[in-house]
Amino acid sequence: VQLQASGGGLVQAGGSLRLSCAASGSIFSINDMGWYRQAPGKERALLALISSGGSTNYADSVKGRFTISRDNAKNTVYLQMNSLKPEDTAVYYCNADIYYSRYFRRTFWGQGTQVTVSS
């Protein structure tokens, strides 16, 4: 199983970006999917989670600006980021809790995508 993240880049403050993360491989089912970020010198932090049923949770730092969604048919999770700020600059990671067989599951991580917000 692999998670492939894409959509990062350079954007001006106030701008928007949409990140995507597609899971592929031997997938039986996917439970929660999420987005995290890690800024230089800081720990990786949870931004948003979405359940298989579509329930969402957000960190206070992004609530109201970021929206997580998923397309279960495509095994893909998205992060729409609006009103970006320089402090949003970080490497963004996706993860997913995946059953890779009927009985075995684990958390998989994407490779990370850089988001840079200029002031």
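Biologist: What makes the pairing of the D88 and R37 side chains a salt bridge?

Modeller: The term requires a side-chain nitrogen of Lys or Arg within 4 Å of a carboxyl oxygen of Asp or Glu. In this pair the N to O distance is 2.8 Å, so the definition is met. This is a predicted model, in which local features need pLDDT of at least 70 and side-chain atom pairs count only at pLDDT 80 or more, while totals for chains, interfaces and linings use all residues. Residues are numbered from 1 along each chain as its sequence is written, and side-chain values use heavy atoms, with hydrogens and water left out.

Biologist: Why is D88 called buried?

Modeller: Buried means under 20% relative accessible area, exposed over 50%, and partly exposed in between (1.4 Å probe, protein chains only). D88 has 1% relative accessibility, so D88 counts as buried. R37, at 12%, is likewise buried.

Biologist: Is D60 buried or exposed?

Modeller: D60 is exposed, because its relative accessible area is 67%.

Biologist: What makes the contact of K63 with D60 a salt bridge?

Modeller: The closest N and O atoms of K63 and D60 are 3.2 Å apart, so this pair also satisfies the definition.

Biologist: How many salt bridges does a search of the whole structure find?

Modeller: The search finds four. One of them joins R65 to D88, with the closest N and O atoms 2.7 Å apart. Both R65 and D88 are buried. Through shared partners, salt bridges join R37, R65 and D88 into one network.
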